[in-house]
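Got your viewer open? Here's a short walk through some charged pairs, one selection at a time.

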Amino acid sequence: MALDNGPVHGREALAELAGERVDHRFKGLPPDAYGLTLAELAGQRRNLFTDGFATPVLALSAERLEHNLKLMETYAARHGLAFAPHGKTSMAPQLFHRQIEHGAWGITLAVPHQVWVARAFGIGRIFLANELVDAAALRRLAAELDADPEFRFACYVDSVRGVELMDAALTAAGAARPVDVVVELGAGAGARTGARTEADCAAVADAVAGTRTLRLAGVAGYEGEVPDADPERVHAWLRRLVALAADFDRAGRFEGLDEIVLSAGGSAWFDAVADVFAEVPGLSRPVLKLLRSGAYVSHDDGHYREVTPFNRVPAEGALEPALRLWTQVVSRPSAEQAFANAGKRDAAYDLDLPFAQVVRPADGGPERPAAGIAVSGLSDQHAWLRTGPEAELEVGDWVGLGLSHPCTSFDKWQLIPVAEADGTVVDYIRTFF
């Protein structure tokens, strides 16, 4: 059965989140808040550092989150791009709606479960940046599309076999509305998904045209998978993608559409996407130039700090890292070593180890830089801290850690406090992984 989706249902579902009660499911929340609803707890405006929150606890900066949302809204508008930020980063419907309030066209997702989460919270435009060949998922998708004429959905196709599987599943489901698909152009030999050549792409498009259940809506791909990516290679691949759209248009493959979807854009090369999409030639119908960058919402203190396009175009602004993991020193066995109570279950570690940034003394003294302190390893529930002679660190102190890779930070926390600069917690973000 399809869900009752739409703007009204989405608001109701968000309101229900505020009615969830604090209990054992949520890490880091004050034990004396158990039984309160999240709305009630947020209304108390407790301080993250002095009002009962327990370590480890991951927090989002309210100010930096808002800054990042506004910056990418402005960037997309300045460059004439529609924006469908990748929701897999946070899987937080509250953030999805804030992104849409900040001008996003819709939300990009990666797997069917994520689509159902977004639909449960009223997201009406979804771009699935992946192939979809699972028959059960296609049956549910068909029901969603047939039940809600306003629901707009598109996904990748990259093989004739995939088209055949989709067609068979949708036909068996009795789908009334065709599913919009975009042919995915692979980023090169040895890259991830995507048809490898323009001839392969044309064969996939021919297969789509031979079905009743699918409609060719455009072309797409992911420039982040270009082998040995550098500005020249990424620009060259993006121009191939634009040329593919133009070739398809000249061949009449987009007849009957209101607009042609042209989509690319991760979090490392969106400046190249803006450059090349500005060069799109006049086609037979308007082009929806859809950017999909997602990590911007929280940014980070490691990988994306190094690769963000804003490093190349500083005049356009700068993202700010909005996540910080607070952990407490539980052991100080030597002058060179300490251990804190956050580990692999709490912190992203797939790209870089966390970065020790600040210390809040247990005695309530002022926050200070984490001089001479570095994270040297993670166990399941412990951070290994290497401490130099200048490190002032005692058992009981709180250490604020910066994280690398937001996509594997959000997924470790079902509920994340949103704190203002002075520590006042003003909201709680619920995730669904």
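**A tour of the salt bridges**

Start by selecting Glu 144: it's buried, with a relative accessibility of just 1% (buried means under 20% relative accessible area, exposed over 50%, and partly exposed in between, using a 1.4 Å probe and protein chains only). Before you go on, know that this is a predicted model, where local features need pLDDT of at least 70, side-chain atom pairs count only at pLDDT 80 or more, and totals for chains, interfaces and linings use all residues. Residues are numbered from 1 along each chain as its sequence is written, and side-chain values use heavy atoms, leaving out hydrogens and water.

Now add Arg 140, which is partly exposed at 29%. It makes a salt bridge with Glu 144, with the closest N and O atoms 3.8 Å apart (the term means a side-chain nitrogen of Lys or Arg within 4 Å of a carboxyl oxygen of Asp or Glu). Both sit in helix 6 (residues 135-147), four residues apart, about one turn of the helix. Helices here are DSSP runs of H or I with at least four residues, strands are E runs of at least two, and both are numbered from the N terminus.

Next, jump to helix 9 and pick Asp 247 and Arg 250, three residues apart, or about one helical turn. Their side chains meet in a salt bridge at 2.2 Å, N to O. Asp 247 is partly exposed at 37%, while Arg 250 is exposed at 65%.

Last stop: select Glu 20, Asp 23, Arg 25 and Arg 430, which salt bridges with shared partners join into one network. Want to keep exploring? The structure holds 24 salt bridges.
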